[in-house]
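Grab a coffee and open the model in your viewer. Below are a few exercises, each followed by a solution that goes step by step.

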Amino acid sequence: MSDKITPPAKGDDLPASTEETLDLVVRAEQGDAAAMPPLRKLLGNPAAVDQLGGNLAETAQRLLVEAHCGQNLFRREAIGRKMANLRAELAGPTPSPIERLLAERAVACWLHVYHLEAVYAGKGAMSLPLAEHYQKCIDRAHKRYVSALKALAEVRKLGVTVQLNVARKQVNVLAT
Amino acid sequence: MSWEQRGGQSYYYTARRVNGRVVKEYVHPLVAPARALVDADRRAMREEAAAELRQARADLDDLDAALIALDELADALARGALLAAGYHQHHRGPWRKRRVRQDNPTGEGG
């Protein structure tokens, strides 16, 4: 896939929001053939995938870095580097848009688990209800992290390509 | 715990739960002001702890919410990519390639 990313044109029939994308996938899962062309178009457009998922990933990661590092710039730098290494390791040398998004999610999930465990272990004393809430959050975060890694591994293992038929020309686009 | 007016006089009562029922207890007027201060102090501490707990929970839930939104979208797009590539998942099992008929090479339409 080319590294050049063209932003989706205005008025394109691509889903504009997360809700529309989720709706499209649900329709495709239910066997609605009409949902497939826009879905293929979306997945074949790296800019559209990055635009939809990238913002969410960036927001989540920024929130987590702020929560974990606060004003500590040294910690921020260290965590930033660790995240960059993890991102590069997970995404691989030539990631597709979906692989990139799944890798970003895995990085965010890793930071969430790391942050929660560090805060929980660092607290000297806390009330029982708060400790229980922490435990629940850690369990959920860990489950999400494992699920993120599993999804990335699955997509990579199956080596999925999405086929686009553009007029008479058939273009094979790697879309995962 | 409250001050109650009875016949022009103020009396301090405490309340506690016994077997699910609220039982009020009379406090002697000599120790009532001191007891009221101690109770108010305890109540303030309880309220402070509850507010701390609420804040801590809200902070944890905010982080959770940011990840849930990302999670939903990433999962949906991954599923969409697999579907668009001709895979299907039966009852949350492994993803399998759909059998493609010769006259329908994209595997669309069921």
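**Exercise 1. Place Leu90(A) in its helix and work out why it is buried.**

Step 1: Leu90(A) belongs to helix 4 of chain A, residues 73–91; helices here are DSSP runs of H or I with at least four residues, strands are E runs of at least two, and both are numbered from the N terminus.

Step 2: Count C-beta atoms, placed from the backbone: 20 or more others within 10 Å means buried, 12 or fewer means exposed, and in between is partly exposed. Leu90(A) is buried because 22 other C-beta atoms lie within 10 Å.

Step 3: Skip the neighbours within four places in sequence, and Leu90(A) is in contact with Ala103(A), Ala106(A), Val107(A) and Leu152(A). Contact means that the C-beta atoms, placed from the backbone, lie within 7 Å.

A quick word on the ground rules: this is a predicted model, where local features need pLDDT of at least 70 and side-chain atom pairs count only at pLDDT 80 or more, while totals for chains, interfaces and linings use all residues. Residues are numbered from 1 along each chain as its sequence is written, and chains are lettered from A and ligands numbered from 1 in the order in which they are written.

**Exercise 2. Find where confidence in chain A is highest and where it is lowest.**

Step 1: Start with the mean pLDDT (the predictor's confidence in each residue, from 0 to 100): for chain A it is 81, and 82% of the residues reach 70 or more.

Step 2: Go element by element. Helix 4 of chain A comes out highest, at 93, and strand 1 of chain A lowest, at a mean of 49.

Step 3: Check the weak stretches. Residues 1–11 of chain A have pLDDT below 50, with 13 contacts in the model beyond near neighbours in sequence. Residues 163–171 of chain A also stay under 50, and there the model has eight contacts beyond four places in sequence.

**Exercise 3. Describe the sheet of chain B and what packs on it.**

Step 1: Read along the sequence, and chain B goes β-β-β-α-β-β. Three of its strands make an open antiparallel sheet in the order 1-2-3; strands pair if DSSP finds at least two bridges between them.

Step 2: Look at the edges. Strand 1 (2–6) and strand 3 (21–27) of chain B each have a single partner strand, so one side of each lacks a neighbour in the sheet.

Step 3: Follow the bridges. Five join strand 1 to strand 2 (residues 9–18) of chain B, with Glu4(B) partnering Tyr11(B) and Ser2(B) opposite Tyr13(B). Seven more link strand 2 to strand 3 of chain B, where Tyr13(B) stands opposite Tyr26(B).

Step 4: Add helix 1 (residues 32–84) of chain B, which packs on the sheet and touches strand 2 and strand 3 of chain B. Even so, strand 2 of chain B is hardly covered, with one buried residue among its 10.

**Exercise 4. Work out how many residues of each chain meet at the interface, and what chain A brings to it.**

Step 1: Count the contacts: 47 residues of chain A meet 32 residues of chain B.

Step 2: Sort the side of chain A that touches chain B: 30 nonpolar, 11 polar and six charged residues. Ala, Val, Leu, Ile, Met, Phe, Trp, Tyr, Cys and Pro count as nonpolar, Asp, Glu, Lys and Arg as charged, and the others, Gly among them, as polar.

Technical notes: Contact = placed C-beta atoms within 7 Å. Axes fitted to C-alpha atoms, helices over the stretch in contact; angles between N-to-C directions.
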